[in-house]
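Got a protein model open and not sure where to look? Let's walk through one together, a piece at a time.

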Amino acid sequence: MKTSKNKLLSKDILERAKLVLKIESDEVKTLANKLDFNFVKAIELLFHCNGRIIVTGMGKSGHIGNKISATFASTGTPSFFLHPAEAQHGDLGMVCKDDVVLAISYSGETEELCKLAPLFKRIGAKLISITGKVKSSLAVLSDVHINASVKIEACPLNLAPTASTSTTALALGDSLAVVLLEMRGFKADDFARTHPAGALGRKLLIKVADIMKTDDDLPKIPLESSIMEALVMMSAKRMGMTCIVDKDNRAVGILTDGDLRRIIARGVDIQEAKVKDVMSEGAQTISANSLASEAALIMETKRINHLLIVNENNQLLGAIGIHDLLEAKIL
């Protein structure tokens, strides 16, 4: 392939990049002003769809369609991408009468899509198209057409589809997905269920009960214990603290490594002193059913390294430390 002998200077490269971004952002702003009741009709078709949302498109429109379909699927709207060429060789059997097809073609004259449009209608599926030509063949054949026309492409030749597919069609797809998300009442917990392997899934699904220290792993001593007994407990359980409970197992305080250092620095006789005289009273607590991400927020806000887990009667159930959150990849 031949390359141009003209080399752009650094400042020219930056200016060209800025111009591309400006053109594409301007076209998206213009697109927002073009939205009309057809967008509402498209949303109503998608919301009341009893089947799946099938997204289709050729070339770069197909790549954008793949992403739009993935966004639908991950935000509560069952969807898959159908390649127009493969559809003509058997994959059309994936389409059912209860489905809604979203076809993307800037020209609206893509041969593969125009051939499929009547077949979609014959099956009984509804057809929504996103094109840049309101009188194109695909637009005319559709139940609903959304106008995605642009004045200029970011390509200096005004040929390569940039603003028309990479930006406006993608932005329209995101708009459809987000509006549907809100209409379906899709919540953060729902999002986590479709992203269980990701960091967001971990933060949204893992509860305090899943990672807290309990039973034999829980450092816990009675209120009347000595500081030496607290020291032994802390060394054995290796949480950097011990919980203090009364005779009814209610959490009354906490004694940390930092507390011990300060006690020793003050010259307190750790052989004789009781934990009730030196502990930090009113330790920060959280319920076992709380999300681990909530525990992380409390620790960061309060600048503490431990939380006690209690029931509705303030009885101690467990404890969680900053290292537990790190191991669970919440932080």
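What follows is a short tour, beginning with the whole protein and then moving in on a few of its parts.

First, keep in mind that this is a predicted model. The protein has 15 helices and 12 strands. Of its 331 residues, 43% are buried. Here's a nice way to think about how the chain folds back on itself: take the contacts between residues at least 6 apart in sequence, and 65% of them join residues at least 24 apart.

Now find the open sheet. It is formed by 5 strands, in the order E2-E1-E3-E4-E5, and the pairing is parallel. Which strands stand at the edges? Those are strand E2 (79-82) and strand E5 (144-147); each has a single partner strand, so one side of each is left without a neighbour in the sheet. As you go from one strand to the next, the twist averages 20 degrees. What holds such strands side by side? Strands of a sheet pair through backbone hydrogen bonds, and they can do so either parallel or antiparallel.

Let's step across this sheet. Strand E1 (residues 53-57) is joined to E2 by 4 bridges, and the two run parallel. If you want a landmark here, look for Val55, which stands opposite Phe81 in E2. E1 is also joined to E3, this time by 5 bridges, and again the strands run parallel. The landmark for that pair is Ile54, whose bridge partner in E3 is Val101. Keep hold of Val101, as it leads us onward: its bridge partner in E4 is Leu127. E3 and strand E4 (residues 126-131) are joined by 5 bridges and run parallel.

Stay with E3 for a moment. How many of its residues are buried? The count is 5 of the 5, so E3 is largely enclosed by the rest of the structure. It also shows a textbook pattern. In a regular strand the side chains alternate between the two faces of the sheet. You can see this in E3: Val100, Leu102 and Ile104 point one way, Val101 and Ala103 point the other way, and all are buried. Something lies across this part of the sheet, too. Helix H3 (residues 59-74) lies across E1, E2 and strand E3 (100-104), and it runs at about 165 degrees to E2.

Next, follow the chain out of E5. In the loop between E5 and helix H7 (163-183) you'll find Ser149. Is it buried or exposed? Ser149 has a relative accessible area of 16%, and buried means under 20%, so Ser149 counts as buried. Leaving aside its neighbours within four places in sequence, Ser149 is in contact with Glu27, Lys34, Tyr106, Thr131 and Gly132.

Now jump to a part of the chain with another kind of pairing. Strand E7 (residues 241-245) and E8 are joined by 5 bridges, and they run antiparallel. Together they form a hairpin with 5 residues between them, and Asn249 in the turn has a positive phi of about 65 degrees. Ile244 stands opposite Gly253 in E8. Gly253 also stands opposite Glu281 in E9, where 2 bridges join E8 to E9 in an antiparallel run. E8 is mostly covered, with 5 of its 6 residues buried.

After that comes helix H12 (residues 257-265), whose buried residues are Gly258, Asp259, Leu260 and Ile263. These pack against helix H11 (227-237), strand E8 (251-256), helix H13 (275-278) and strand E9 (280-281). Let's look at the H11 partner more closely. H11 and H12 pack at an angle of about 140 degrees, with their axes 11 Å apart, and their crossing is left-handed. Ile227, Leu231 and Met234 in H11 meet Asp257, Leu260 and Ile263 in H12. By class, that contact has 5 nonpolar, no polar and 1 charged residues. Just after H12, Gly267 takes a positive phi of about 85 degrees.

One last stop: the cysteines. How many disulfides does a search of the whole structure find? The number is 0. Compare the surroundings of two cysteines: Cys243 is buried, with a relative accessible area of 0%, whereas Cys96 is partly exposed, with a relative accessible area of 39%.

Methods
Residues are numbered from 1 along each chain as its sequence is written. This is a predicted model: local features need pLDDT of at least 70, side-chain atom pairs count only at pLDDT 80 or more; totals for chains, interfaces and linings use all residues. Side-chain values use heavy atoms; hydrogens and water are left out. Buried means under 20% relative accessible area, exposed over 50%, partly exposed in between (1.4 Å probe, protein chains only). Contact means heavy atoms within 4.5 Å. A disulfide is a pair of cysteine sulfur atoms within 2.5 Å. Two strands pair if DSSP finds at least two bridges between them. Axes are lines fitted to C-alpha atoms, for helices over the stretch in contact, and angles run from 0 to 180 degrees between N-to-C directions. A crossing is left-handed if the near helix is turned anticlockwise from the far one by less than a right angle, and right-handed if clockwise. Ala, Val, Leu, Ile, Met, Phe, Trp, Tyr, Cys and Pro count as nonpolar, Asp, Glu, Lys and Arg as charged, and the others, Gly among them, as polar.
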